[in-house]
Amino acid sequence: LKLVEDRYQLHPLLRQFALETIEPERLSEGKRQQAFYFATLLAQLAEKRCTPACEEIVPTVFVEADNLRSVWQWLGGQIADKQQAEQLCQLLEQILPAWSYAYFVKAQVLEGKQLLNTVWEPIVAAQWETAVPLQQTTCARVAVILARFCMELSQYDEVVQLCRQAISILQNEADSDSSSNNDDISYALRTWARALMRLGDNSEAEAKLKESVRLATNSLTKAGAVHSLGLLHMNQGDYDTALERLGQALERYEICHEQSSVLVTTLAMGAVYGRRRQFEEAITRYKQVARLARRLGQKGTLMIALNNLAFCLHQIGRTEQIEAYYDEALAVAVELGRQRWQSVISQDFGMFLLDQGKTQKAAALIQDGLQLAVALNSQPDVMAGLLPLAHWQAQHGRFEEAMVAVGYMMASEVTNEEMRTYAADLWDELSSELPAIFTQRAEAKLQSATLDDILAQIQK
């Protein structure tokens, strides 16, 4: 037995000896007591949300990570064995809020999904979805949190499926009490809408977000829905409304002492300023977020802040630290399994390197980023990826192909307003510098061009 970081650590050999010699009944009881102890601990932590003590949640959860992994395994086994379902539901309800909050703040979404699957798969097998109301509610709440993990991992079809399933359960239960599950339904609608935004269906996303805002009663749930609505307005090019919504969310998060959400919302406001080409305003916010996220160990937020900071610095010609920022952001994206951000960062990084004359590395990044966006079916990112492709094509004298790519971007409903503007800039530049025949040929090809036709150019 030794002391490591103020905690006693059992030697692995002694642990193995104990597991092999302890009576099965005593081992089973020990695991049960462990589950109850940590369920109580996490329930107490969850009560610290919206208080200054909220900052205790994340470090406590990760200090106990090994114990909590054991608890998840035990819970999964108990559900599979169809043991005392009511008691297991109560344990899950105690564990989920603080545990999921900590894993989202630390961006540990790969492990989070894996651990949650240890109970989700037996829940599905045991048919909790059609069991007694308590099991149905717990099933739905597990599904929504799993959907959120899938969202962070860019698994959008799974998000839609899980949210649809959860909402169906919760709405059926709500028939007897019209408000009992409103916050859960609101959370599911918001998560579903975020997936729809990535799939390019902003109209359906907007309807779901408005309903999410309407249903939310809890201050944090309301803030999350309003924040997401702000992101939608940003993607639609309604920047004033986006800032208004994000400001409303920020105010709620500050009142609730939600430092991680304050950072994410500040990051989003920086993105709005960036899209308005108010780059200095954006840079100020990104630097603030990057500094705090690094201090707090919030790698996911740091990753986005560094990428966006590098992008804005590139736009105003301050290039000295950009490559280091992109390198770090891309490394974090790979480490965390955040494939959507790996795609975005690769595309932005490739554009920067193209301007720096590093065409070989730029081409590899642009190709990797665009192909990953296609694989993820993240339509806005596919459209955005056509811009660096077009710049590369233009640099290599393939002007007609470049004009077709940006022309397709400008015509697509999926392209956000920021990217549409950048595409129009390149179109105007090429149209003014090249003989008119290039524009005429590009316009003719655009009459029948498909996305597959344009993407086929990647291999060339």
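Which residue caps the N-terminal end of H11? In this predicted model, that role falls to Asn 218, a side-chain oxygen of which lies 2.8 Å from the backbone nitrogen of Leu 220. Helix H11 covers residues 219-235, and its 17 residues should span 24 Å at 1.5 Å a residue, a value with which the 25 Å separation of its end C-alpha atoms agrees. The helix is mostly covered, with 16 of its 17 residues buried, and just after H11 the backbone of Gly 237 adopts a positive phi of about 85°.

Aromatic contacts were examined next. The structure holds 10 aromatic pairs. One of them, formed by Tyr 326 and Phe 352, is tilted, with 6.3 Å from centre to centre and 45° between the planes; this pair links distant parts of the chain, since Tyr 326 belongs to helix H16 (residues 322-336) and Phe 352, 26 residues apart from it, to helix H17 (residues 339-355). Tyr 326 counts as buried because its relative accessibility is 0%, and Phe 352, at 2%, likewise counts as buried.

Phe 399 and Phe 438 form an edge-to-face pair, 6.0 Å centre to centre with 90° between the planes. Because Phe 399 lies in helix H20 (residues 399-411) and Phe 438 in helix H22 (residues 436-446), the pair ties together parts that are 39 residues apart in sequence. Phe 399 counts as partly exposed at 25% relative accessibility, as does Phe 438 at 22%.

Ring pairs also link Phe 62, Trp 72, Trp 99, Tyr 103, Phe 104 and Phe 149 into a cluster. Arg 148 lies over the face of Phe 104, at 4.1 Å from the ring centre, while the charged end of Lys 208 sits over the ring of Trp 192, 4.2 Å from its centre.

Terms used. Residues numbered from 1 in each chain as written. Predicted model: local features only at pLDDT ≥ 70, side-chain atom pairs only at ≥ 80, totals over all residues. Heavy atoms only, no water. Helix = DSSP H or I, 4+ residues; strand = E, 2+ residues; numbered from the N terminus. Expected span 1.5 Å × (residues − 1). Buried < 20%, exposed > 50% of the residue type's maximum accessible area, 1.4 Å probe, protein only. Polar contact = N/O pair within 3.5 Å; in protein donor to acceptor, adjacent residues only side chain to side chain. Phe/Tyr/Trp six-rings, centres within 6.5 Å; stacked < 30°, edge-to-face > 60°. Lys NZ or Arg CZ within 6 Å of the ring centre and 35° of its normal.
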